[in-house]
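Trainee: I'm new to this structure and would like a close look at one part of it. Could you walk me through the place where the two halves of the chain come together, and then what lies around it?

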Amino acid sequence: MPAARQIFVAVIGAGGVGKAFLSQLSQLTKRLSSEPSTPINLALIYVARSSKVFFNEDYSPISISSWESDLASSTRTVPSPTQIADYLSKAPASVILVDNTSNEDVANAYPLFLGKKISVVTPNKKGFSSNLKLWQDIFKAASNGTGSGGYVFHESTVGAGLPVLSTLKDLIETGDEIVKIEGVFSGTMSFLFNSFMPVGGGGGSFSAEVTKAKELGYTEPDPRDDLNGLDVARKLTILARISGLEIESPASFPVQSLIPNELESCKSGDEFMKRLPEFDGEMDKLKQEAAKEGKVVRFVGSIDVAEKDVKVGLEKFDASHPIAALKGSDNIISFYTKRYGSNPLIIQGAGAGGDATAMGVTADLIKVLRLLL
Ligand SMILES: NC(=O)C1=CN([C@@H]2O[C@H](COP(=O)(O)OP(=O)(O)OC[C@H]3O[C@@H](n4cnc5c(N)ncnc54)[C@H](OP(=O)(O)O)[C@@H]3O)[C@@H](O)[C@H]2O)C=CC1
Ligand SMILES: N[C@@H](CC=O)C(=O)O
Ligand code: NA
């Protein structure tokens with residue numbers, strides 16, 4: 001039996017996606033330790049939430065079955081991203097950092113982590129959809145970019161675990177030309193409109209569906225980041241950049257917000273959620289207007305690569321349209337390319353939720369393992 005190869009995993013963020021990831025990591029660790037050809041000793045060495053962190057100075061592993069209680073009872077001060085990078089870079093084995101937060105400071109530090117040979121896998125969109133320089137710095141540092149640092153993968157930043165980014169990269173790397181990408185890119189928006197305005201009529205109040213989407217773990221930590229269209233704009237920024245468009249930021253193209261003007265000034269997500277029912281009447285009006293034309297409304301996005309045109313917002317669809325027929329949190333993403341002609345390559349399925357998102361993160365971790373071995 002060959003000697004086992006040691007790889008360390010550091011996890012920042014243990015909310016809906018983070019917890020599901022840690023559970024998948026536990027399964028993966030067991031499976032890899034008994035691989036006959038190349039056993040891998042995958043060890044969790046760092047776990048953090050926003051105000052709690054647990055790790056051992058000597059890099060001894062954290063038990064995957066007791067991380068939650070270890071973290072809860074820890075009295076350590078939460079280190080800055082620079083301190084985390086310093087700690088991880090001195091580890092006596094390769095480290096994969098899994099960022100399950102939506103934190104901007106952690107994302108801004110990806111070039112630093114990668115430059116120190118720490119690989120990064122993440123569903124956090126901030127690093128890939130904020131200013132263009134951050135995107136460029138990440139791929140200048142990464143070994144799967146033009147650099148020589150760690151590896152970076154972020155499949156779950158678009159379409160949760162659905163193979164959206166890997167498919168787009170495969171199309172491009174095999175010489176296809178991307179003409180247009182369009183569809184439903186938000187699990188939250190899909191769920192909201194599928195349940196508030198189902199084909200055939202009916203549906204609950206809009207604000208009640210927003211509460212449900214939050215409870216189901218589909219929304220961003222602050223649901224206003226979904227309702228203002230920014231989450232979809234971030235995803236389209238990522239897809240457009242991979243397709244070769246130098247999009248400066250998600251504010252570079254038109255994005256329709258569903259936040260009522262009167263609620264723009266809400267100081268917290270909680271205050272916003274409390275006042276949202278006041279505006280259910282406006283959403284009902286939208287539903288009735290569409291119904292008069294025999295249509296439903298859905299929140300969609302598109303990238304016309306040749307025209308360099310990106311847009312995000314509401315559109316009406318006939319009941320027979322595949323976008324109108326989506327269920328639950330499903331995303332649908334159509335790639336129109338030169339090779340596929342007028343029949344696009346279509347990816348469809350759950351676009352949000354802890355398990356579905358963590359699956360993409362765990363699959364990315366496996367990709368890094370293959371590259372490290
Ligand atoms: N939920 C989904 O369906 C999908 C989510 N994503 C992305 O996955 C990421 C996580 O989403 P989700 O799990 O739903 O969000 P949650 O709000 O459930 O979890 C976020 C976690 O990050 C922690 N956190 C925040 N800031 C920091 C920080 N500076 N240092 C350490 N930990 C921090 C929070 O700590 P605390 O527990 O203390 O609050 C929490 O544990 C987001 O970037 C989201 O956009 C992507 C695709 C789908
Ligand atoms: N809030 C997002 C989560 C996945 O990216 C969504 O609803 O799609
Ligand atoms: Na994906």
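Mentor: Here is a walk from the domains to their contact, and then on to some residues and strands on either side.

Keep in mind that this is a predicted model. The chain splits into domain 1, which takes in 5-160 + 356-372, and domain 2, which is 175-350. So where do their centres sit? Over C-alpha atoms, the centres of domain 1 and domain 2 are 29 Å apart. Where the two touch, domain 1 gives 14 residues and domain 2 gives 20 residues. On the domain 1 side, α6 (126-129) and α7 (132-141) each bring at least two residues to that contact. Sorted by class, this side of domain 1 has six nonpolar, seven polar and one charged residues.

Let's zoom in on E248. You'll find E248 in the loop between α12 (230-242) and α13 (269-275). Is E248 buried or exposed? There are 12 C-beta neighbours inside 10 Å of E248, and a residue with 12 or fewer is called exposed, so E248 counts as exposed. Setting aside neighbours within four places in sequence, E248 is in contact with N131 and L132. K133 is worth finding too: 115 residues separate E248 and K133 in sequence, yet their C-alpha atoms are 8.2 Å apart in space.

Now hop over to E220, in the loop between α10 (206-215) and α11 (224-227). An unreviewed UniProt entry carries the annotation "binding site" for E220. What about its surroundings? E220 has 20 other C-beta atoms within 10 Å, and because 20 or more is the cut-off for buried, E220 is buried. Leaving out residues up to four places away in sequence, E220 touches S102, D225, D226 and D231.

Next comes G353, which sits in the loop between β11 (345-350) and α15. G353 is also buried, because 21 C-beta neighbours lie inside 10 Å. Its contacts, again not counting residues up to four places away in sequence, are A160, G187, L216, G217, Y218 and S329. F317 is another story: F317 and G353 are 36 residues apart along the chain, with 25 Å between their C-alpha atoms.

From that loop you can step straight onto helix α15. Its residues are 354-372, 19 residues in total, and from first C-alpha to last the helix reaches 27 Å, close to the 27 Å expected at 1.5 Å a residue. Plenty of α15 is tucked away: its buried residues are G354, A356, T357, A358, M359, G360, V361, T362, D364, L365, V368 and L369.

With the helix placed, look at the strands. One open sheet has six strands in the order β3-β2-β1-β4-β5-β6, and the pairing is mixed. Its edges are β3 (53-55) and β6 (152-153); each has a single partner strand, so one side of each has no neighbour in the sheet. Further in, β1 (residues 5-12) and β2 (residues 40-48) run parallel and are joined by eight bridges. To see one of those pairings, start at R5, whose bridge partner in β2 is I40.

Over among β7, β8 and β9, the pairing is antiparallel in both cases below. β8 (residues 295-304) and β9 (residues 309-318) run antiparallel and share 10 bridges. These two strands make a hairpin with four residues between them, and in the turn K308 has a positive phi of about 55°. Along the hairpin, R298 stands opposite E315 in β9, while D304 has D309 as its bridge partner in β9. β7 (residues 178-184) pairs with β8 too, in the antiparallel sense, over four bridges. There, the partner of K180 in β8 is D304.

Finally, compare all this with what the record says. UniProt, in an unreviewed entry, gives "domain: Aspartate/homoserine dehydrogenase NAD-binding" for residues 13-144. In the model that span is 45% helix and 16% strand, and its end C-alpha atoms lie 24 Å apart. The unreviewed entry also lists "domain: Homoserine dehydrogenase catalytic" for residues 163-366. That span is 39% helix and 20% strand, with 14 Å between its end C-alpha atoms.

Note on methods
Residues numbered from 1 in each chain as written. Chains lettered and ligands numbered in written order. Predicted model: local features only at pLDDT ≥ 70, side-chain atom pairs only at ≥ 80, totals over all residues. Domains from an automatic or database assignment. Contact = placed C-beta atoms within 7 Å. Nonpolar A, V, L, I, M, F, W, Y, C, P; charged D, E, K, R; others polar. Expected span 1.5 Å × (residues − 1). UniProt positions renumbered as here; feature names shortened; annotations may be inferred. Pairing = 2+ DSSP bridges.
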